[in-house]
Amino acid sequence: MSMLKVENLSVHYGMIQAVRDVSFEVNEGEVVSLIGANGAGKTTILRTISGLVRPSQGRIEFLGQEIQRQAAQKIVSAGLSQVPEGRHVFSGLTVLENLEMGAFLRKNREENQANLQKVFSRFPRLEERKNQDAATLSGGEQQMLAMGRALMSAPKLLLLDEPSMGLAPIFIQEIFDIIQDIQKQGTTVLLIEQNANKALSIANRGYVLETGKIVLSGTGQELLASDEVRKAYLGG
Ligand SMILES: Nc1ncnc2c1ncn2[C@@H]1O[C@H](COP(=O)(O)OP(=O)(O)OP(=O)(O)O)[C@@H](O)[C@H]1O
Ligand SMILES: [Mg+2]
């Protein structure tokens, strides 16, 4: 079943067109990776899906509802949450307070408590550091916090914008293991990455974006094996 359907999406910033007639979909239970170089339009697509940027053209459907004109908060309530590029944890707030911010739209205390326990069991390091100022976490820990915060709203679809950016290899592996685990637990994932190798290795399907356009698509394995992807993203 198609969970997210993006049809003929175009996005402009003033006179600049950042996204050109992009169409793709994410089916329930999948990890779908969207890869592309700096400036290809990846973050713009993600922010448009989340309702933070308005498209100039096209349609976005989430769980059968048109969302391209909906408010961002309403889209979160419908079950879609995103981990923004560069994590953006709230400094001056503790780890626990950051996680609570992720549940601010949910009023059910017991559910929030249960989600918090799930997040702590997935990220034991966050529980150990729950009273620490989020700004003092390491980069990898901040990525975990940003992911934990997004999971606090128990999303059906999780959007991740370059979760491996700036992390040491051992942390990168941990983040990708966690993404696979999130998928196993029943959350669908749209993953944006420049680390094409890792992102395609764990993806059911993927799309390659170049200067705002989708130029290739296929299963993760097909894309990993394709000459174009190998040349452009995997160093030959
Ligand atoms: N707020 C903005 N105003 C004007 N132009 C923007 C704005 N945000 C992004 N752009 C432009 O849109 C294009 C796509 O940017 P976007 O951030 O979507 O790329 P990206 O694929 O996420 O790149 P990166 O991998 O570097 O994060 C770029 O040329 C960028 O300069
Ligand atoms: Mg980006």
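Is Glu85 buried, partly exposed or exposed in this predicted model? Glu85 counts as partly exposed, because its relative accessibility is 30% and the partly exposed class runs between 20% and 50%. The legends below start from this residue.

**View 1. The magnesium ion (ligand 2) and its protein donors, Thr43 and Glu85.** Thr43 contributes its OG1 atom and Glu85 an OE atom, at 1.9 to 2.6 Å from the ion. Thr43 belongs to helix H1, residues 42-49, while Glu85 sits in the loop between strand S6 (80-83) and helix H3 (95-101), so the pair ties together parts that are 42 residues apart in sequence. Glu85, at 30% relative accessibility, is the partly exposed residue of the opening question.

**View 2. The shell of residues around ligand 1.** Ligand 1 is surrounded by 13 residues, and the closest are Gly39, Lys42, Thr43, Thr44 and Glu85. Thr43 and Glu85 are also the protein donors of the magnesium ion. Helix H1 gives the largest share of the shell, with three residues. By type, the shell holds six polar, four nonpolar and three charged residues.

**View 3. Polar side-chain atoms of Asn38, Thr43 and Thr44 beside oxygen atoms of ligand 1.** For Asn38, a polar side-chain atom lies 2.8 Å from an oxygen atom of ligand 1. For Thr43, the distance from a polar side-chain atom to an oxygen atom of the ligand is 2.7 Å. For Thr44, the corresponding value is 2.5 Å. On its own, ligand 1 has 640 Å² of accessible area, and the protein covers 61% of this.

**View 4. An open sheet of four strands.** The strands follow the order S2-S1-S4-S5, and their pairing is antiparallel. Strand S2 (16-27) and strand S5 (65-66) stand at the edges with a single partner strand each, so one side of each has no neighbour in the sheet.

**View 5. Strand S1 beside strand S4.** Strand S1 covers residues 2-13 and runs antiparallel to S4, to which five bridges join it. Within this pairing, Val6 has Ile60 in S4 as its bridge partner.

**View 6. The hairpin of strands S4 and S5.** Strand S4, residues 57-62, is joined to S5 by two bridges, and the two strands run antiparallel. Opposite Glu61 stands Glu66 in S5. Phe62 faces Gln65, also in S5. Two residues lie between the strands, and Leu63 in the turn has a positive phi of about 50°.

**View 7. Asp21 in the edge strand S2.** The phi of Asp21 is near 50°, which is a positive value in a residue other than glycine. Asp21 is found in strand S2, one of the strands at the edges of the sheet. With a relative accessible area of 48%, Asp21 is partly exposed.

**View 8. Ala154 in the loop between helix H6 and strand S7.** Helix H6 spans residues 139-151 and strand S7 spans 157-161, with Ala154 in the loop between them. Ala154 has a positive phi, near 45°, and is a residue other than glycine. The relative accessibility of Ala154 is 38%, so Ala154 counts as partly exposed.

How values were computed: Residues are numbered from 1 along each chain as its sequence is written. Chains are lettered from A and ligands numbered from 1 in the order in which they are written. This is a predicted model: local features need pLDDT of at least 70, side-chain atom pairs count only at pLDDT 80 or more; totals for chains, interfaces and linings use all residues. Side-chain values use heavy atoms; hydrogens and water are left out. Donors are N, O and S atoms within 2.8 Å of the metal (3.2 Å for Na, K and Ca); water is not among the atoms, so sites may look incomplete. Buried means under 20% relative accessible area, exposed over 50%, partly exposed in between (1.4 Å probe, protein chains only). Two strands pair if DSSP finds at least two bridges between them. A residue is near a molecule or strand if one of its heavy atoms lies within 4 Å of it. A polar contact is a pair of N or O atoms within 3.5 Å; within protein, one must be able to donate a hydrogen and the other to accept it, and residues adjacent in sequence count only if both atoms are side-chain atoms. Accessible areas come from the Shrake-Rupley method with a 1.4 Å probe; for residues, only the protein chains shown count as cover. Ala, Val, Leu, Ile, Met, Phe, Trp, Tyr, Cys and Pro count as nonpolar, Asp, Glu, Lys and Arg as charged, and the others, Gly among them, as polar.
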